Amino acid sequence: QRERMDLIRSILSSGEKTPFEIATDLFPDVPPFEIFLSISEAVGHLDILREEGKVKVREKEGKDFYSLVT
């Protein structure tokens, strides 16, 4: 789990992203019918990182965008 969260932090080092974008970076070969599971896993890790104060989220045009806390 910690490894996956470190990977998410690495993905976010290039700038803010939506949970969908993060999920497709984490799981580039996931079949389209399983993308919801990928997004769900990414959001779970993002929630933990947010509670730890390592990422922040902002809503823009009805979408959540996550970024690293600097």
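Residue L49 lies in helix 3, which spans residues 35-51, and in this predicted model its relative accessible area is 0%, so that L49 counts as buried. When neighbours within four places in sequence are set aside, the contacts of L49 are with R2, M5, I8, R9, K54 and V55. Of these partners, V55 also takes part in the pairing of the strands, since its bridge partner in strand 2 is L68. A contrasting relation holds between L49 and P32, whose C-alpha atoms are 26 Å apart in space although the two residues are separated by 17 residues in sequence.

A second buried position in helix 3 is S38, for which the relative accessible area is 6%. Residues up to four places away in sequence not being counted, S38 touches A23, F27 and V30.

The two strands of the chain are paired with each other: strand 1, comprising residues 55-60, and strand 2, comprising residues 63-68, run in the antiparallel sense and are joined over six bridges. Together strand 1 and strand 2 make up a hairpin, with two residues lying between them. Within this pairing, V55 is matched with L68 of strand 2, and R58 has F65 as its bridge partner in that strand. The aromatic ring of F65 is also involved in a further arrangement, in that K60 is placed over the face of the F65 ring, at 4.8 Å from the ring centre. Aromatic pairs, by contrast, number zero in the structure.

The loop between strand 1 and strand 2 contains E61, a residue with a positive phi of about 55 degrees despite not being a glycine. With a relative accessibility of 77%, E61 counts as exposed, because this value is over the 50% cut-off. The turn of the hairpin is thus the setting both for the positive phi of E61 and for the exposure of that residue.

On strand 2 itself, S67 is buried, with a relative accessible area of 15%; this assignment follows because the value is under the 20% cut-off. Once neighbours within four places in sequence are left aside, S67 is found in contact with L12, E16, K54, V55 and K56. K54 and V55 also appear among the contacts of L49, and they are likewise listed for S67, which links the surroundings of the helix 3 residue L49 to those of the strand 2 residue S67. In addition, S67 and T18, which are 49 residues apart in sequence, have C-alpha atoms 9.1 Å apart in space.

With regard to the chain as a whole, three helices and two strands are present, and along the sequence these elements follow the pattern α-α-α-β-β. The radius of gyration of the protein chain is 11 Å, close to the 11 Å that the globule rule gives for 70 residues, so the chain is as compact as a globular protein of that length. Taken along the principal axes, the box filled by the C-alpha atoms is roughly 35 × 30 × 20 Å. Of the 70 residues, 27% count as buried, and both L49 and S67 are in this class. Among the contacts between residues at least 6 apart in sequence, 45% join residues that are at least 24 apart.

As to the confidence of the prediction, the mean pLDDT of the protein chain is 95, and 100% of its residues reach 70 or more. Confidence is lowest in helix 1, formed by residues 2-12, where the mean is 95, and highest in strand 2, where it is 98. The strand with the highest confidence is accordingly the one that contains S67.

Notes
Residues numbered from 1 in each chain as written. Predicted model: local features only at pLDDT ≥ 70, side-chain atom pairs only at ≥ 80, totals over all residues. Heavy atoms only, no water. Pairing = 2+ DSSP bridges. Helix = DSSP H or I, 4+ residues; strand = E, 2+ residues; numbered from the N terminus. pLDDT = per-residue confidence, 0-100. Phe/Tyr/Trp six-rings, centres within 6.5 Å; stacked < 30°, edge-to-face > 60°. Lys NZ or Arg CZ within 6 Å of the ring centre and 35° of its normal. Rg over C-alpha atoms; globule rule 2.2 N^0.38 Å. Buried < 20%, exposed > 50% of the residue type's maximum accessible area, 1.4 Å probe, protein only. Contact = heavy atoms within 4.5 Å.
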